[in-house]
Amino acid sequence: MLVFMTISTLLNLESSKITSYFYSTYFVLSFIFFTSIACKLFSVEDYLRLLKALFVIYFIGLLLGQLYVKLNLFAPLAGYSSHLPHGRFGTLIEDGRYRYYSLSSEPSYAAFIVIVIYYSLVKMQASNYSLLIRENLALFLMLIYMILFFQSAFGIILLGTMVASYLGFNKRAVLVYLVFFCALILISFFKLDVQAIDRVLSIVQKLDIQNLHSLAQVDFTDYFRLAPVLHYVK
């Protein structure tokens, strides 16, 4: 990846930003540095314990943010736009509703982080446990809770993708998908105030599957994450 970025920057020097190149290089080198240390110092069990600790800390961060709002302590912090005020403990107000992001910098990143942590925990288990048995069930329920209150459409889509990648498309899996689809319909029918699910339903209804760039008019924040991939494929 580092070689690719270097060659691409040199070939497109006039349209490239050198600060972006060094910023990206920092992440690649950091990954190499930390993984080399982790491989030397951590066992698989250590790594799993670390992932569980991070997952639980993110959950606790969300609960603290909710308590902060519940106690009417929310106050906008300096340095943020007045149209999108942020408070302490990973809280913000968007369109008159509270959203949470725990220890991350914004809700979609928080959703991505906790989903990847959970997926890694399941995949790293030697006995290949199911998503929904033993300790994994408790963690999965915590994950659902976090995704719902992060209010991230990106998180909902990622969660569905993760479950689909694990269950596949056998009879049992299709039943799960049908139940999930029916739940979305019920939420839409009863007009429940779940912003992230409303955004996913809007994407499903309005997206032109033959032109994925049409997502820009449906939900730009999600398109913002998909657009680079679409342009790279083209």
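A residue counts as buried when its relative accessible area is under 20%.

**Figure 1. Overview of the predicted protein chain.** The model shown is predicted. Of the 234 residues of the protein chain, 33% count as buried. The chain contains ten helices and three strands, and its elements follow the order α-α-α-β-β-β-α-α-α-α-α-α-α from the N terminus. Contacts between residues at least 6 apart in sequence include 50% that join residues at least 24 apart. About 15600 Å² of the protein chain is exposed, and carbon and sulfur atoms supply 70% of this area.

**Figure 2. Helix H4 and the elements that its buried residues contact.** Helix H4 comprises residues 107–124. Its 18 residues should span 26 Å at 1.5 Å a residue, and the end C-alpha atoms are 26 Å apart, so the expected and computed values agree. The buried residues of H4 are Pro107, Ser108, Ala110, Ala111, Val114, Ile115, Ile117, Tyr118, Ser120, Leu121 and Val122. These buried residues pack against two strands, E2 (91–94) and E3 (97–100), and against helices H3 (44–70), H5 (135–150), H6 (153–167) and H10 (220–233).

**Figure 3. The start of helix H4.** In this view, a side-chain oxygen of Glu106 lies within 2.8 Å of the backbone nitrogen of Ser108. Ser108 is itself one of the buried residues of H4, as is Pro107.

**Figure 4. The surroundings of Phe59 in helix H3.** Phe59 is located in helix H3. Its relative accessibility is 18%; because the cut-off for a buried residue is under 20%, Phe59 counts as buried. When residues up to four places away in sequence are not counted, Phe59 touches Met142, Tyr145 and Met146. Phe59 and Tyr145 are 86 residues apart along the chain, yet their C-alpha atoms are separated by 8.7 Å. Helix H3 is also among the elements against which the buried residues of H4 pack.

**Figure 5. Helix H10 and its bend.** The 14 residues of H10 should span 20 Å at 1.5 Å a residue; the end C-alpha atoms are 19 Å apart, which agrees with that expectation. At Leu226 the helix bends by about 40 degrees, and the proline Pro228 follows within four residues. The buried residues of H10 are Asp222, Tyr223, Ala227 and Leu230. H10 is one of the elements that the buried residues of H4 pack against.

Methods
Residues numbered from 1 in each chain as written. Predicted model: local features only at pLDDT ≥ 70, side-chain atom pairs only at ≥ 80, totals over all residues. Heavy atoms only, no water. Expected span 1.5 Å × (residues − 1). Buried < 20%, exposed > 50% of the residue type's maximum accessible area, 1.4 Å probe, protein only. Contact = heavy atoms within 4.5 Å. Polar contact = N/O pair within 3.5 Å; in protein donor to acceptor, adjacent residues only side chain to side chain. Bend = angle between axes of the 7 residues up to and from the residue. Areas by Shrake-Rupley, 256 points an atom, 1.4 Å probe, with all protein chains shown as cover.
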